[in-house]
Amino acid sequence: MALFRSLSALSRRNVQQQKSSPLTFVRWIQMQTSSQDTDLRSQLKELIPEQQERLKKLKAEHGKVQLGNITLDMVLGGMRGMVGLLWETSLLDPEEGIRFRGLSIPECQKLLPAAKPGGEPLPEGLLWLLLTGKVPSKGQVDALSNELRSRATVPDYVYKAIDALPETAHPMTQFASGVMALQVQSEFQQAYEKGIAKSKYWEPTYEDSLNLIARLPLVASYVYRRIFKGGQSIPVDDSLDYGGNFAHMLGFDNPVMHELMRLYVTIHSDHEGGNVSAHTGHLVASALSDPYLSFAAALNGLAGPLHGLANQEVLLWIKSVVDECGENITKEQLKDYVWKTLNSGKVVPGFGHGVLRKTDPRYTCQREFALKHLPDDPLFQLVSKLYEVVPPVLTELGKVKNPWPNVDAHSGVLLNHFGLTEARYYTVLFGVSRSIGICSQLIWDRALGLPLERPKSVTMDWLENHSKKAASS
Ligand SMILES: CC(C)(COP(=O)(O)OP(=O)(O)OC[C@H]1O[C@@H](n2cnc3c(N)ncnc32)[C@H](O)[C@@H]1OP(=O)(O)O)[C@@H](O)C(=O)NCCC(=O)NCCS
């Protein structure tokens, strides 16, 4: 009933917006709650032929349409702004932030089913939304929760592969090694070896993807308990959903921490296709590498400090501020500390973005969570002060395109508040969540028959000659 009310409210809002933006309304029509069939795979099977037709028509009718000019700056500048990938599950607007299948984060919080009324969205609901483009009912989400739990078994050799590494190995190294060991069970690889037809590729890809998503919390929590809790693992709790269970297996049973994990996994899942982890997963999968191989590659990109490792860097940086200046640091002192970081040649972690040009809505929803559940936490108050102090400093620096905070500026203090204090582990949480976006798109890559990715590269000679010719013509 609550879902129906919020759907009606959102529908009314979209009808009001219709005059100014017909596209918004079209999007809304596509977002209507799906039929009550609780089997995700059969829903997908129904959707695939129509999307295949849509892509075929697009190519046939508009294949030669220009999508922009490629400049030399773009080639040398990390391909910023260059349209080059098809990514169905989410789209990033520089000003507004991410939309998952057309829904903003506040809309997802309103529309996706929660564990309790008014609570944070269940990540299973987001997985359903990303895969089908439709808002699931609570019954559909509960069915998917059950399905993921039934797939959540990890062979012993995976744990042994992790145990072969020293405990001092970075948690991301241990996690990615565990994912590589899971690959032994790939159904896609087995099917390919038996000569499966191209039209059926998506089916074992779906099986691998759901198995992978289901198993990652077990592998990730094993890594956490191994490194930080003396190796005592905690089994799955059959009464809990995906996010709640993940928090439980890590060793956290505070209901607010379960809510935080649901929100965390939901908002970190997908950020369109060009970011390092998503793009890596997509690229590797385009060689028909199975979901395990593709996702392990994505994790290795996520482990870089300019990408997913920034959440670790933020908390360590915040703690260094406290160690040096105390929790009651003034804004003036904080400003000096930010300048000291910049002058030592480092970036201020958690600020800036390759695409966004405003405060990241993933930051905003975490801030709202903090205001609701931990307003007096001293590190949250420090994060709030940073929100005031850092953007003007980065603007003054003159070269930073986006001085505003990103998702990583906030997550650490929330986790730290509930006892997950080990910053080196944070990127693993991000990794578990990212599987939902990357695997959803990967299933569609195979369903749509997307080809091997192979962009053209050129040398400096080539660029110089081309530029000379362009200047003289
Ligand atoms: C995210 C990030 C890698 C985007 O990089 P980008 O697209 O190249 O960003 P810009 O175009 O704004 O960079 C222009 C310059 O500003 C610098 N800059 C950008 N963000 C900065 C920050 N937070 N602190 C200091 N300098 C920063 C860049 O390093 C670059 O300097 P250079 O020309 O000397 O190499 C960058 O903002 C950054 O390093 N942020 C901190 C790490 C972080 O939070 N990562 C998580 C992202 S979700």
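Start with helix H8, residues 156-163. Helices here are DSSP runs of H or I, at least four residues, numbered from the N terminus. The buried residues of H8 are Val158, Tyr159 and Ile162; buried means under 20% relative accessible area, exposed over 50%, with a 1.4 Å probe and protein chains only. Those buried residues sit on the same side of H8, because they span an arc of only 95° around the axis. That arc is taken from the directions from the helix axis to the C-beta atoms. Turn to the other side of H8: Asp156 and Lys160 are exposed there. What covers the buried residues? Helix H9 (171-182) and helix H11 (202-228) are among the cover, with contact meaning heavy atoms within 4.5 Å.

A word on the source. This is a predicted model, with local features needing pLDDT of at least 70 and side-chain atom pairs pLDDT 80 or more, while totals for chains, interfaces and linings use all residues. Residues count from 1 along each chain as its sequence is written, and side-chain values use heavy atoms, leaving out hydrogens and water.

Now the ligand. It is surrounded by 19 residues, each with a heavy atom within 4 Å of it. Arg80, Gly350, Phe351, Lys399 and Lys401 are the closest.

Next, polar contacts, meaning pairs of N or O atoms within 3.5 Å. Arg80 places a polar side-chain atom 2.9 Å from a ligand oxygen. Asn406 does so at 3.0 Å, also from its side chain to a ligand oxygen. At Phe351, a polar backbone atom lies 2.8 Å from a ligand nitrogen. The ligand alone exposes 850 Å², and the protein buries 75% of that, by the Shrake-Rupley method with a 1.4 Å probe.

Conventions
Polar contact = N/O pair within 3.5 Å; in protein donor to acceptor, adjacent residues only side chain to side chain. Helix = DSSP H or I, 4+ residues; strand = E, 2+ residues; numbered from the N terminus.
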